[in-house]
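Here's a quick walk through one protein model, written for someone who would rather look at contacts and angles than read a long preamble. Have the viewer open and follow along.

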Amino acid sequence: MGPEDENSDDFEVEMATLVRSSPVLMKTHNMGTCHIGSFVDFSQPLSVSRVVQRVFKSISVVIFQAKINLLLPFGPLAIILHYLTKKHLQGLVFFFSLLGIIPLAERLGYATEQLAFYTGPTVGGLLNATFGNATEMIISLYALGNGMIRVVQQSLLGSILSNMLLVLGCAFFSGGIVHYNKVQVFNKASAVVNSGLLLMAVMGLMFPAVLHFTHSEVQYGKSEVALSRFSSCIMLVAYASYLFFQLRSQHNSYNPIDEDERNAEDDSDEEEMPEITQWEAIAWLAVLTTWVSILSGYLVDAIQGASESLNLPVAFISVVLLPIVGNAAEHASAIMFAMKNKLDITLGVAIGSSTQISMFVIPFCVVVGWIMGKDMDLNFQLFETATLFITVLVVAFMLQEGTANYFKGLMLILCYLIVAASFFVHVDPATSDD
């Protein structure tokens, strides 16, 4: 008929040819779905209308696709309350900040996964190592800048305890209930390596504490800081070596068990495709990190007021409540993968995150404190160090068989309840005390 109809027919013929020539696009076409990143071609000039359309489409995918984003309005509410109220409502500011950061932490993980589609497995692993615990790191850096060293130490310790006991326990329990008629198995070799790194982290935290409490320092108050800075550098080197070892040298040794069976299972599932483009993922990482940084400032400022208004110890807030922010998304994903009988991914989420915090985030905060002129050290005090040591031992014993069931999960959850109750009645010693 008219020229517009001819152009439309030509476009349909070209698209049909493109789909038939690509197996991936053929599969996507047959499923009746079209992912955003699949047909993006930056070689063609983008008009203003196309750019605006892409922006709105990206916002729709990232913001409106996840139901957890219903919590996003609590962030601005926390900021408004901070300026409109006094100390007696700091508890609400703290609570709203917590709720506002939870979806941001989940979306940070989503944007990192989307970017990993374009960077490959090696760079993707490094991105996950960097942004996997970005929320905890940002909160810790703000607290460190305000001189709240104990909050930094206890919040990072709480993230490790929460991941190892609560997240892993709930995942094992849920997976065991769903698959109650069979034994769930995972790659024991990877779990042993992570347990070894966690024990190395315990060693790094234990010696400064022992040095302090046995009064055997060469220079009181200075030797433990110097030892902490040296140990932190060693731990960062060890973690970098671990990343290289895992991603390059021994990649084949850490494949999930029953690989053939799982590959056949994966082939039958829908092939994952990126939902946003590479530059959109980078832009969202920048936007989300900035918003997390802003909310973290208000969260840290409200900790002391929340402790007084809610009548809760700062130690309990730091060890139990703050880790909920960074671990909420990990908690949900670990349970989901355990219920799908993909325990290797569950362990990567829970134990891998604990390894990142203990071997990367904590030493990184010590080095940053060194640059800032803050005496951030690895002396987490005797109570906290003993708690971490016992937790690592309990989890290592649970993982040594390479199997999981609901009873092991229940044991880990009950252990976490004991730890939470201990910090509820724990009074943090003054910094001047021995």
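## The overall picture

Of the protein's 434 residues, 47% count as buried. Keep in mind that this is a predicted model. The protein has 16 helices and two strands. If you take the contacts between residues at least 6 apart in sequence, 83% of them join residues at least 24 apart.

## Salt bridges

The count of salt bridges comes to five. Here are three of them, with the closest N and O atoms in each case:

| Acid | Base | Closest N and O atoms |
|---|---|---|
| Glu106 | Arg107 | 2.7 Å |
| Glu384 | Arg150 | 2.8 Å |
| Asp375 | Arg229 | 3.6 Å |

Glu384 forms its salt bridge with Arg150. Glu384 sits in helix α15 (residues 382-399) and Arg150 in helix α7 (residues 149-178), so this pair ties together parts that are 234 residues apart in sequence. Are the two partners buried or exposed? Both Glu384 and Arg150 are buried.

Next comes Asp375 with Arg229, at 3.6 Å between the closest N and O atoms. This pair, too, links distant parts of the chain: Asp375 is in the loop between α14 and α15, Arg229 is in helix α9 (residues 223-249), and 146 residues separate them. Arg229 counts as buried because its relative accessibility is 16%, and the cut-off for buried is under 20%.

Arg107 pairs with Glu106. Arg107 is buried as well, with a relative accessible area of 6%.

## Helix α16 and what follows

Helix α16 covers residues 406-424, which makes 19 residues. From its first C-alpha to its last it reaches 27 Å, close to the 27 Å expected at 1.5 Å a residue.

Which residues of α16 are buried? They are Lys408, Gly409, Leu412, Ile413, Tyr416, Val419, Ala420 and Phe423. These residues cover an arc of only 135 degrees around the axis, which puts them on the same side of α16. The spacing makes sense: an α-helix has 3.6 residues a turn, so residues three or four places apart point the same way. Over on the other side of α16, Leu417 and Ile418 are exposed.

At the start of α16, have a look at Asn405: one of its side-chain oxygens reaches to within 3.1 Å of the backbone nitrogen of Phe407.

Past the other end, His426 is found in the segment after α16. His426 is buried, with a relative accessible area of 14%. What does His426 touch, leaving aside its neighbours within four places in sequence? The list is Pro313, Ala315, Phe383 and Glu384. Glu384 is also the residue in the salt bridge with Arg150.

## A packing point in α14

Val368 lies in helix α14 (residues 343-372). With 15% relative accessibility, Val368 counts as buried. Leaving aside neighbours within four places in sequence, Val368 is in contact with Leu141 and Leu144. Leu144 is 224 residues away from Val368 along the chain, yet the C-alpha atoms of the two are separated by 8.8 Å.

## Two positive phi angles

Most residues other than glycine have a negative phi, and most peptide bonds are trans. Two residues worth checking on that score are Asn311 and Gln381.

Asn311 is not a glycine, but its phi is near 55 degrees, a positive value. Asn311 sits in the loop between α12 (303-310) and α13 (314-339), and it is exposed, with a relative accessible area of 66%.

Gln381 is not a glycine either and has a positive phi of about 75 degrees. Gln381 is found in the loop between α14 and α15, which is also where Asp375 is placed. Is Gln381 buried or exposed? Gln381 is buried, with a relative accessible area of 17%.

## Cysteines

How many disulfides does a search of the whole structure find? The answer is zero. As for individual cysteines, Cys170 counts as buried at 16% relative accessibility, whereas Cys415 is partly exposed, with a relative accessible area of 25%.

How values were computed. Residues are numbered from 1 along each chain as its sequence is written. This is a predicted model: local features need pLDDT of at least 70, side-chain atom pairs count only at pLDDT 80 or more; totals for chains, interfaces and linings use all residues. Side-chain values use heavy atoms; hydrogens and water are left out. Helices (H or I, at least four residues) and strands (E, at least two) are DSSP runs, numbered from the N terminus. Buried means under 20% relative accessible area, exposed over 50%, partly exposed in between (1.4 Å probe, protein chains only). Contact means heavy atoms within 4.5 Å. A disulfide is a pair of cysteine sulfur atoms within 2.5 Å. The expected span of a helix is 1.5 Å times one less than its number of residues. The arc is that of the directions from the helix axis to the C-beta atoms. A polar contact is a pair of N or O atoms within 3.5 Å; within protein, one must be able to donate a hydrogen and the other to accept it, and residues adjacent in sequence count only if both atoms are side-chain atoms. A salt bridge is a side-chain nitrogen of Lys or Arg within 4 Å of a carboxyl oxygen of Asp or Glu.
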